[in-house]
Amino acid sequence: MPEREEFIPTRASLLQRLKNWEDQASWEDFFNAYWKIIYGLARHTGLSDAEAQDVVQETMATVARQMPGFNYNPALGSFKTWLMNQTRWRIVDQFRKRGPLPSAASAAGDSSTAADPIAQLIDPASENANTYWENEWQRNLYDAAVANVRRKADPGKYQIFDFLMKKEWPAEKVASFFKISVDQVYVDKHRISEMIKAEVKRLEKGAS
């Protein structure tokens with residue numbers, strides 16, 4: 001059985017595989033790659049945990065419905081923006097399910113202003129939401145890059161990097177633990193850091 005592709009494989013290859021609804025492995029890859037971003041944006045705009053989970057499920061269902069006839073063309077727009085738009089409309093749907101909320105104008109007797117729950121909360125299309133999505137997207141890419149590098153890199157060198165960056169051990173303590181020089185600690189850290197940077201760039205080409 002061939003080894004599964006890296007977390008967040010190239011969008012073109014993954015989206016092509018999603019056309020087959022029976023390809024559970026690819027759908028699992030897609031869900032694992034994006035559910036946290038979708039859920040996070042829903043919560044960021046003011047939805048409850050249950051509503052945000054509904055946004056995740058409905059966004060995934062929307063993607064599934066569109067896949068059979070979907071042709072991904074980066075020249076027409078980024079996958080990142082496309083997925084955000086799908087999420088945005090599912091968020092709007094959740095707000096509308098709450099029913100109309102009285103706006104300040106309507107409460108004052110201004111009948112020209114329609115009561116709309118969206119107007120009372122953070123607009124999912126606002127710059128605030130866009131910034132949140134972008135930040136989370138980049139964090140997701142970085143986490144994916146780290147996961148990929150961890151599988152590919154020399155285990156010992158990655159462990160040195162992990163002790164320095166995640167556990168925040170001083171370089172001298174890491175050197176003593178692994179019985180190597182401090183200079184070697186920094187060399188290994190640099191090599192892993194460069195591998196992660198290169199992996200982020202590679203993923204960005206396929207996931208943007």
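His190 is partly exposed, since its relative accessible area comes to 49%, and a residue counts as exposed only when that value is over 50%. In this predicted model, His190 has its place in helix H10, which runs over residues 182-207. Although His190 and Phe161 are 29 residues apart in sequence, their C-alpha atoms are 8.4 Å apart in space.

From this helix we can turn to the aromatic side chains, which form 12 pairs in the structure. In one of them, the ring centres of Trp27 and Phe30 are 6.1 Å apart and the ring planes stand at 75°, so the pair is edge-to-face, the cut-off for that class being an angle over 60 degrees. Both residues belong to helix H2, residues 24-44, where a separation of three residues places them about one turn of the helix apart, and both Trp27 and Phe30 are buried. Another edge-to-face pair is made by Trp169 and Phe177, because their planes are at 85° with the ring centres 5.4 Å apart. Within that pair, Phe177 counts as partly exposed because its relative accessibility is 46%, a value that falls between the limits of 20% for buried and 50% for exposed.

Trp27 and Phe30 also take part in a wider grouping, for together with Tyr34, Trp133 and Trp137 they form one aromatic cluster. Charged side chains meet aromatic rings as well: Lys173 lies over the face of Trp169, at 4.2 Å from the ring centre, and the charged end of Arg88 sits over the ring of Trp89, 4.2 Å from the centre of that ring.

What lies around Phe30, and which residues does it touch? Leaving aside residues up to four places away in sequence, Phe30 touches Leu14, Leu15, Leu18, Met60, Val63, Phe79 and Leu83. In soluble globular proteins, nonpolar side chains tend to be buried together. Here, the largest nonpolar core has 41 residues, and Phe30, Tyr34 and Leu83 are those with the most contacts inside it. Two or more residues of this core come from each of helix H1 (11-17), H2, helix H3 (49-66), helix H4 (79-97), helix H7 (127-152), helix H8 (155-165) and H10. Apart from this core lies another, of seven residues, among them Ile160, Leu164, Ala171 and Ala175.

Conventions
Residues numbered from 1 in each chain as written. Predicted model: local features only at pLDDT ≥ 70, side-chain atom pairs only at ≥ 80, totals over all residues. Heavy atoms only, no water. Helix = DSSP H or I, 4+ residues; strand = E, 2+ residues; numbered from the N terminus. Buried < 20%, exposed > 50% of the residue type's maximum accessible area, 1.4 Å probe, protein only. Phe/Tyr/Trp six-rings, centres within 6.5 Å; stacked < 30°, edge-to-face > 60°. Lys NZ or Arg CZ within 6 Å of the ring centre and 35° of its normal. Core = buried A, V, L, I, M, F, W, Y, C linked by side-chain atoms within 4.5 Å. Contact = heavy atoms within 4.5 Å.
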